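Please look through the sequence and the model below before reading on. The paragraphs after it are meant to be read with the coordinates open.

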Amino acid sequence: LHTVDLVKAADGGYERLLSRNTRQQIRRAMRLYEDVFPASSLSYCVARDEDQAVAFLSDLQRLHQAYWTARGKPGAFANPLFTAFHMRLVRDALSRRHVEIARISSGKGAIGYLYQFRHKGHVYSYQSGFHYERDNRLKPGLVSHRLAIEHSLSAGDAVYDFLGGDDRYKRSLATHGGRLFWLTLQKRRLSFSLERGLRAAKRLLWRQPRQHPEGNG
């Protein structure tokens, strides 16, 4: 588990808690976006109503699926029931501010979307979709999360949580790390033994190195 302690970050600034290399990558990427797309600045826009939130989620889904299917993976939104569930969840929870969907844009258009849950000052970064350019110095994931963390700081939140996974960008942006343990209790049955074997094979496949350093949650 990787998180950002926003209370600590508010006391003196977030970037001072990051490594020198991460600070340089973020600053360079943000400058490059502004250089490549002149007369523009990066913006972080939170969906203001149900219609905009659904539109943002649809664009996030498209970018997310394009990234993963190009790498031979199904992607989180491959199941129509999963997609329908989250569309309904966004409609139901947005007005209570338990859900936040944001578009991160440059002068050219959207560079990424973040889908997050909120509860009592804890921001859970759940899913994302990014638009990657040929220039790999333009890092939409790092920039998007950097702006999201700044937004959470200004909102007075306490924790920005990257949830499960040990992706490189999570380690780079987090101020704290921990371990997540899973415990499964089963009876001794052949069907459960087969299930465990299939799960172990799946984990081995997912541990193969990813081709992009940022990931696409």
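The text below moves from strands to helices and then to two single residues.

This is a predicted model, in which local features need pLDDT of at least 70 and side-chain atom pairs count only at pLDDT 80 or more, whereas totals for chains, interfaces and linings use all residues. Residues are numbered from 1 along each chain as its sequence is written, and side-chain values use heavy atoms, with hydrogens and water left out.

A convenient place to begin is the pairing of strands. Helices (H or I, at least four residues) and strands (E, at least two) are taken as DSSP runs numbered from the N terminus, and two strands pair if DSSP finds at least two bridges between them. Strand β4 (residues 109–119) runs antiparallel to strand β5 (residues 122–130), and 8 bridges join them; one of the bridge pairs sets Phe117 against Tyr124 in β5. The two strands form a hairpin with 2 residues between them, and Lys120 in the turn has a positive phi of about 50°. Strand β5 is also joined by 3 bridges to strand β6 (residues 159–161), this time in parallel, with His122 finding its bridge partner in Val159 of β6. Between β5 and β6 the chain passes through helix α5 (residues 140–154), and this β-α-β crossover is right-handed, a term that applies if, with the strands pointing away from the viewer, the path from the first strand over the helix to the second runs clockwise.

The helices come next. The expected span of a helix is 1.5 Å times one less than its number of residues, so the 20 residues of helix α3 (residues 50–69) should span 28 Å, which agrees with the 28 Å between its end C-alpha atoms. Many positions can be checked for burial here, where buried means under 20% relative accessible area, exposed over 50% and partly exposed in between, with a 1.4 Å probe and protein chains only; among the buried residues of α3 are Phe56, Leu57, Leu60, Leu63 and Trp68. At the N-terminal end of α3, Asp49 acts as a cap, with a side-chain oxygen 3.3 Å from the backbone nitrogen of Asp51.

Helix α4 (residues 80–93) has 14 residues and reaches 20 Å from its first C-alpha to its last, close to the 20 Å expected. In α4, Thr83, His86, Met87, Val90 and Ala93 are buried. They cover an arc of only 150° around the axis, which puts them on the same side of α4, the arc being that of the directions from the helix axis to the C-beta atoms. The buried residues of α4 pack against α3, β3 (99–106), β4 and β5, in contacts defined by heavy atoms within 4.5 Å, while the face turned away carries the exposed residues Pro80, Leu81, Phe85 and Arg88.

Two buried polar residues close the tour. Lys170 lies in helix α6 (residues 168–173) and is buried, with a relative accessible area of 6%. Leaving aside residues up to four places away in sequence, Lys170 touches His2, Phe162, Leu163, Gly164 and Gly165, and a polar atom of the Lys170 side chain lies 2.4 Å from the backbone oxygen of Gly164. Thr22, in helix α2 (residues 20–36), counts as buried at 4% relative accessibility. With the same sequence exclusion of up to four places, Thr22 touches Ser172 and Leu173.

Methods
Polar contact = N/O pair within 3.5 Å; in protein donor to acceptor, adjacent residues only side chain to side chain.
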